[in-house]
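Student: I have a structure open here and would like to go through a few of its features. Could we begin with one of the strands?

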Amino acid sequence: MKTFGTGMGTQSPEEVLQEYLRERGMLMTPQRKTLLQLFLEEPKHFSAEEFYERVKQVDDSIGQATVYRTLKLFTESGLAETLDFGDGRTRYERCWGREHHDHLICIRCRESIEIRAPEIERLQEEVAGRHGYELTDHALYLYGICPKCRGKE
């Protein structure tokens, strides 16, 4: 079974980004370095707006447009992935150095839980194989009502 999003071999996140930028004729700026450091410290899913609020606390000279563009670079380089929890807000998550996981999402409070289920991973590989596909990536979102919200009913 394949494991997705577990890192970039032996390269550090900074090396991954520097290589990606170099291939596109771009430079590793001090702002990008700061944003990468803050991004790698994020323990959970976050929106660009939430990340920008955190960035302003550390370096208020970094503008919102720079944050949005840099998050896009992180995603394109494979350091981050975007998540869609069905509420119209794109969220980001670090995928470098993390084990693949899927998400359970409450449709009321939007709380999300990361789940790791080998049986689901095996089933996805089997389904892809039955149709002649070699699976290279996937995202699974399971929607429901969390115990806390069910308790409010």
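Tutor: Certainly. This is a predicted model, and Leu-104 is found in strand S4, which covers residues 102–106.

Student: Is Leu-104 buried or exposed?

Tutor: Leu-104 is partly exposed, because its relative accessible area is 36%, between the limits of 20% for buried and 50% for exposed.

Student: Which residues form a nonpolar patch with Leu-104 on the surface?

Tutor: Ile-113 and Leu-142 form the patch together with Leu-104. The accessible area of the three together is about 220 Å².

Student: Turning to aromatics, how many aromatic pairs are in the whole structure?

Tutor: A search of the whole structure finds six. One of them is formed by Tyr-141 and Tyr-143, with 6.5 Å from centre to centre and 35° between the planes.

Student: What is that arrangement of Tyr-141 and Tyr-143 called?

Tutor: The pair is tilted, because the angle lies neither under 30 degrees, as in stacked rings, nor over 60, as in edge-to-face ones.

Student: What is the relative accessibility of Tyr-141, and what is the relative accessible area of Tyr-143?

Tutor: Tyr-141 has 22% and counts as partly exposed. Tyr-143 has 42% and is also partly exposed.

Student: Which residues form an aromatic cluster?

Tutor: One cluster consists of Phe-39, Phe-46, Phe-51, Phe-74 and Tyr-92.

Student: Now the largest pocket: how much space lies in it, and which residues line it?

Tutor: The largest pocket holds about 230 Å³. Its lining includes Phe-46, Phe-51, Glu-42, Arg-89 and Ser-112.

Student: Where does the largest share of that lining come from?

Tutor: Helix H3, residues 48–58, supplies that share, with three residues.

Technical notes. Residues numbered from 1 in each chain as written. Predicted model: local features only at pLDDT ≥ 70, side-chain atom pairs only at ≥ 80, totals over all residues. Heavy atoms only, no water. Buried < 20%, exposed > 50% of the residue type's maximum accessible area, 1.4 Å probe, protein only. Patch = residues over 30% accessible without salt bridge, like charges linked within 9 Å, V, L, I, M, F, W, Y side chains within 5 Å. Areas by Shrake-Rupley, 256 points an atom, 1.4 Å probe, with all protein chains shown as cover. Salt bridge = Lys/Arg side-chain N within 4 Å of Asp/Glu carboxyl O. Helix = DSSP H or I, 4+ residues; strand = E, 2+ residues; numbered from the N terminus. 1 Å grid on protein atoms, 1.4 Å probe; cavity = no way out; pocket = protein on both sides within 12 Å on 5 of 7 lines; lining within 4 Å. Points joined across faces, edges and corners; volume = space filled by probe spheres on them.
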